Amino acid sequence: MTSYTPKSILITGAAGFIASHVANRLIRNYPDYKIVVLDKLDYCSSLKNLLPSRSSPNFKFVKGDIASADLVNFLLITEEIDTIMHFAAQTHVDNSFGNSFEFTKNNIYGTHVLLEACKVASGQIRRFIHVSTDEVYGETDEDAVVGNHEASQLLPTNPYSATKAGAEMLVMAYGRSYDLPVITTRGNNVYGPNQFPEKLIPKFILLAMKGQPLPIHGDGANVRSYLYCEDVAEAFEVILHRGEVGHVYNIGTKKERRVIDVAKDICKLFSLDPDAVIKFVENRPFNDQRGLKKTMEWYTTNPNWWGDVTGALVPHPRMLMMPGIDNGSSGSSQQVVITKSNSQSRMVVRVPKSGSAGGVASPRKPSLKFLIYGRTGWIGGLLGKICEKQGIHYEYGKGRLEDRSQLIADIQNVKPTHVFNAAGVTGRPNVDWCESHKPETIRTNVVGTLNLADVCREHGLLLMNYATGCIFEYDAEHQEATGIGFKEEDKPNFDGSFYSKTKGMVEELLNEFENVCTLRVRMPISSDLNNPRNFITKISRYNKVVNIPNSMTILDELLPISVEMAKRNLKGIWNFTNPGVVSHNEILEMYKTYIDPDFKWNNFTLEEQAKVIVAARSNNELDASKLKAEFPELLSIKDSLIKYVFEPNKKVHANGIA
């Protein structure tokens, strides 16, 4: 048997259960393989499942849907994909009875999109491994001596298995019609760490941990084969390297267990009386009549891995999106983020989620509704546009921050799920104004912000508060050009301007509120180079500029991330800047290259600058590693400047910029 060696693998659904174990194994064992993982982060997937791989240089995460043809085509070309391991699917049988259209969309249409992209790639794909299920075989006779083999007839008995069988037919057709090198796998039930607890074993473990009844369909005589996740990952490793094109491989075991026996095994592990805790419930339609200790230890160690999974622990869960689950994907549109390992390429695509087909409602998280303060401000205005693009309901607050009764009225009228505070005094036109308007600055920046945080706390609401990183200054421990930035837990060391003084003061006081997410913005930049508040617009109009490296915030990239942070209910302090620093001169060099080849500027020193400004200015580097860990797709400041600001605004001129 010839051994196959891939170079660049696309793994779909890789933040899910089985695929994450496969991805982590391949990334760990084959550092020369580039592994691109694609996942839309549905309810049963989580980036936490890929934590072992996120620091590996051969790992890249892409948030997106396989049903997006533009995204898939883009990925295959730009990442030079030669191998696809297609795990992405809706998989839970009970859910398929509740909304079968979602299963058709994901399992059949999504697979079709992938196959068509491979056809268009014209010979680039050397392996397409399609992950199916043994449920496509249907029910097995109780007295059968031999189990299903790869040539057995497909007789699916539920909407889930029917869509998987349909996807298999498409894969087979593309293999024969277009010589696509396809391999299909059909697997038994898999269990182990990271599995979403709608499945039998993790559900029983979590219920047993709480001392709650274990619901069993029918009489518990249903027989199933169970495989431990690491054994399955090893099987996929073998199929990847040694599987023959055109073949179907069963990944299974001859060992079978009745559901009631599994329940009794778990009762034994938790020292529970099975007669007391096992509860028999109505059988689900077409129920198939066909490492546990390690798994139990993992769930007892990580009981909150999936957040609130109450909705998954009922006997017949039929929810495609379950309330309380922190999976990093909610709202009415989907942001697709692609980052190349050398940080030179990034694409963002927003795909609106379609309505439910055929009038069948798709249960989802409660609808988002944002209450935004700062309508006339730059960030506040941009937030409204982001909400419109993502289909998020929002209203601007009418009350003044310092008037508590007005804030309460806003919340009672709007009934928001989250509150955003983009209001504040930053100066007119700059922070020098605050030096002569101290009462107004205190009233809004300190009193108003604290007032809003307290009202949100009383109403159980998360407050997303846009703050500033201009409360730090390079010092002996954080010197310029050393790459050592100020962290979230560091205390402010700069109060050279009254503006910064109020901001540092209120940030410390906000630490007493557990419902606040503080985002330290610095020297904000956007693609709108006509906006006088844009840092690039400012320095391009100055006669002279200082030249010093600073952390900065590219709003086009980071404001959508702040919306995502709200969806994830993240709290605490965050350095809300792109990683790294960029100097004034470096920005103006980019401006000259992309915008105006005749642009010229002069520098002057900090001492000379001090003579023409009233208040001192903050210069620092903020450590953005916390934000980067949560959002690994986040670009460095220079790459983000090119991608979001200068490329969209570039002008054609004689020196070759096109």
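**Close-ups of rings, charges and a loop**

**View 1. Phe420 is a buried residue, with a relative accessible area of 0%.** What you're looking at here, and in every other view, is a predicted model. Tyr466 is also in this frame, and with a relative accessible area of 5% it counts as buried because the cut-off is under 20%.

**View 2. Phe420 and Tyr466 are one stacked pair, from a chain with 12 aromatic pairs in total.** The ring centres of Phe420 and Tyr466 sit 6.5 Å apart, and their planes are at 25° to each other. Phe420 belongs to strand β18 (residues 418–421), while Tyr466 belongs to strand β19 (residues 462–468), so this pair ties together parts that lie 46 residues apart in sequence.

**View 3. Phe599 and Trp601 make another stacked aromatic pair.** Here the distance from centre to centre is 5.8 Å, with 25° between the planes. Both Phe599 and Trp601 are buried.

**View 4. Back to Phe420, this time with Phe370 in the frame as well as Tyr466.** Ring pairs join these residues, Phe370, Phe420 and Tyr466, into a cluster.

**View 5. Two charged side chains sit over ring faces.** Which residue lies over the face of Tyr4? That's Arg127, at 4.2 Å from the ring centre. For Trp574, look for Lys626, which lies over the ring face at 4.3 Å from its centre.

**View 6. Arg375 sits in a loop between a strand and a helix.** The strand is β16 (369–373) and the helix is α11 (378–390). Is Arg375 buried or exposed? Its relative accessibility is 59%, so Arg375 counts as exposed, the cut-off being over 50%. Leaving aside residues up to four places away in sequence, Arg375 touches Gly381 and Tyr396. Ala422 is worth finding too: its C-alpha atom is 8.0 Å from that of Arg375, though the two residues are 47 residues apart along the chain.

**View 7. Zoom out, and the whole chain shows 21 helices and 23 strands.** How much of the chain is buried? Of its 658 residues, 55% are. The accessible surface adds up to about 28,200 Å², and carbon and sulfur atoms account for 51% of that area.

Terms used:
Residues are numbered from 1 along each chain as its sequence is written. This is a predicted model: local features need pLDDT of at least 70, side-chain atom pairs count only at pLDDT 80 or more; totals for chains, interfaces and linings use all residues. Side-chain values use heavy atoms; hydrogens and water are left out. Rings of Phe, Tyr and Trp (its six-membered ring) pair if their centres lie within 6.5 Å; planes under 30 degrees apart count as stacked, over 60 as edge-to-face and the rest as tilted. Helices (H or I, at least four residues) and strands (E, at least two) are DSSP runs, numbered from the N terminus. Buried means under 20% relative accessible area, exposed over 50%, partly exposed in between (1.4 Å probe, protein chains only). A charge sits over a ring if NZ of Lys or CZ of Arg is within 6 Å of the ring centre and within 35 degrees of the ring normal. Accessible areas come from the Shrake-Rupley method with a 1.4 Å probe; for residues, only the protein chains shown count as cover. Contact means heavy atoms within 4.5 Å.
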